[in-house]
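Here's a quick walk through one model, written for someone who'll want to poke at the coordinates. Have the viewer open as you read.

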Amino acid sequence: MIVTIDGPAGAGKSSAARALAKRLQFAFLDTGAMYRAVALAALRRGLDWNDAAALADLAQQLNIEVRQYHTYLDGQDVSDDIRSHEVTSVTHYAANNPAVREHLVALQRQAAHQLDIVTEGRDQGTVVFPHAECKIFLVASAEERARRRVRDLEARGEKLSLEEVLADQNRRDARDAERDVGPLVAADDATIVDSDGMSHDEVVDYLEELVRARRTGNK
Ligand code: C5P
């Protein structure tokens with residue numbers, strides 16, 4: 001069974017998807033980590049961001065493995081490095097590159113092959129797994145999402161103001177929504193879940209209910 005969780009940055013997809021996968025004893029795939037890993041590799045090599053062909057070539061050469069909760073780039077665990085503010089702010093070069101997307105979409109399908117899996121991103125229910133049995137589109141208000149992101153960055157020792165994070169998030173949302181390939185949009189058959197005012201556990205309980213209902217064919 002494939003469960004897709006898409007939605008904008010900071011809606012709590014990652015923590016909800018992880019917890020849901022644990023409860024269901026499903027595998028978990030963080031597809032944003034793949035785009036981040038490509039961006040990190042390009043940063044480290046000092047690639048020219050305007051050279052889309054070079055970025056696509058690089059993506060093809062990299063060995064990116066997202067195994068449950070860890071991300072490996074050419075064998076090195078980069079789970080922490082890919083979450084920095086610097087990487088976050090350049091990941092759109094990877095995400096907006098159609099050739100990079102095509103490559104990563106293929107990797108994502110490979111990773112999910114013959115597994116029960118919860119997969120999380122922007123285009124999972126629309127492009128990557130259009131036949132997924134359960135599709136969720138998780139949203140929250142821009143302010144709530146930015147507050148969460150500030151807390152996450154603080155926990156990493158990076159201090160940014162709410163205004164900075166909000167401005168950056170608005171830019172990311174606009175880029176995600178306007179992209180020609182794999183834009184951020186809810187699939188027609190997705191259930192939209194607004195997590196504003198819900199605790200983490202309440203969100204996970206609700207998602208679990210949705211999946212179990214789908215499994216038994218009630219919804
Ligand atoms: O989810 P996360 O914030 O880690 O994703 C990082 C970036 O990767 C997002 O800003 C988004 O532009 C991009 N992304 C994407 N398609 C996905 C997952 C993430 O374009 N399936």
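One thing up front: this is a predicted model. Let's start with Thr 91, which sits in helix α4. Is Thr 91 buried or exposed? With a relative accessible area of 11%, Thr 91 is buried, because the cut-off for that label is under 20%. Its side chain isn't idle in there: the side chain of Thr 91 reaches the backbone oxygen of Val 87 at 2.7 Å.

Helix α4 (85-95) also takes us to the ligand, since α4 supplies at least two residues of the shell around the ligand. The other elements that each give at least two are α2 (32-45), β6 (117-121) and α8 (162-178). Which of them gives the most? That's α2, with three residues.

As for where the ligand sits, the space taken by the ligand is the largest pocket. There are 16 residues around the ligand, and the ones that come nearest are Arg 36, Arg 101, Asp 123, Arg 172 and Asp 176. By character, the shell splits into nine charged residues, five polar and two nonpolar.

Here are some polar side-chain atoms and how far they lie from the ligand.

| Residue | Ligand atom | Distance |
|---|---|---|
| Arg 101 | oxygen | 2.8 Å |
| Thr 31 | nitrogen | 3.0 Å |
| Arg 179 | oxygen | 3.2 Å |

How much of the ligand does the protein bury? Taken alone the ligand exposes 450 Å², and 95% of that is buried by the protein.

Away from the ligand, have a look at Val 203 in helix α9 (residues 200-215). Val 203 counts as buried because its relative accessibility is 6%, which falls under 20%. Val 203 and Ala 19 are 184 residues apart along the chain, yet their C-alpha atoms are separated by 9.9 Å.

Now for some backbone angles. Most residues other than glycine have a negative phi. Gln 68 has a positive phi, near 45°, and lies in the loop between β3 (64-67) and β4 (70-73). Gln 114 has a positive phi too, near 60°, and its place is the loop between α5 (98-112) and β6.

How do these two glutamines fare for exposure? Gln 68 is partly exposed because its relative accessible area is 35%, between the 20% and 50% cut-offs. Gln 114 counts as exposed, because its 73% relative accessibility is over 50%.

Methods
Residues are numbered from 1 along each chain as its sequence is written. This is a predicted model: local features need pLDDT of at least 70, side-chain atom pairs count only at pLDDT 80 or more; totals for chains, interfaces and linings use all residues. Side-chain values use heavy atoms; hydrogens and water are left out. A residue is near a molecule or strand if one of its heavy atoms lies within 4 Å of it. A polar contact is a pair of N or O atoms within 3.5 Å; within protein, one must be able to donate a hydrogen and the other to accept it, and residues adjacent in sequence count only if both atoms are side-chain atoms. Accessible areas come from the Shrake-Rupley method with a 1.4 Å probe; for residues, only the protein chains shown count as cover. On a 1 Å grid over the protein atoms alone, a cavity is a set of points where a 1.4 Å probe fits but cannot get out, and a pocket is an open set with protein on both sides within 12 Å along at least five of seven lines; lining residues have an atom within 4 Å of a point. A molecule sits in a cavity or pocket if more than half of its atoms lie within 2 Å of its grid points. Helices (H or I, at least four residues) and strands (E, at least two) are DSSP runs, numbered from the N terminus. Ala, Val, Leu, Ile, Met, Phe, Trp, Tyr, Cys and Pro count as nonpolar, Asp, Glu, Lys and Arg as charged, and the others, Gly among them, as polar. Buried means under 20% relative accessible area, exposed over 50%, partly exposed in between (1.4 Å probe, protein chains only).
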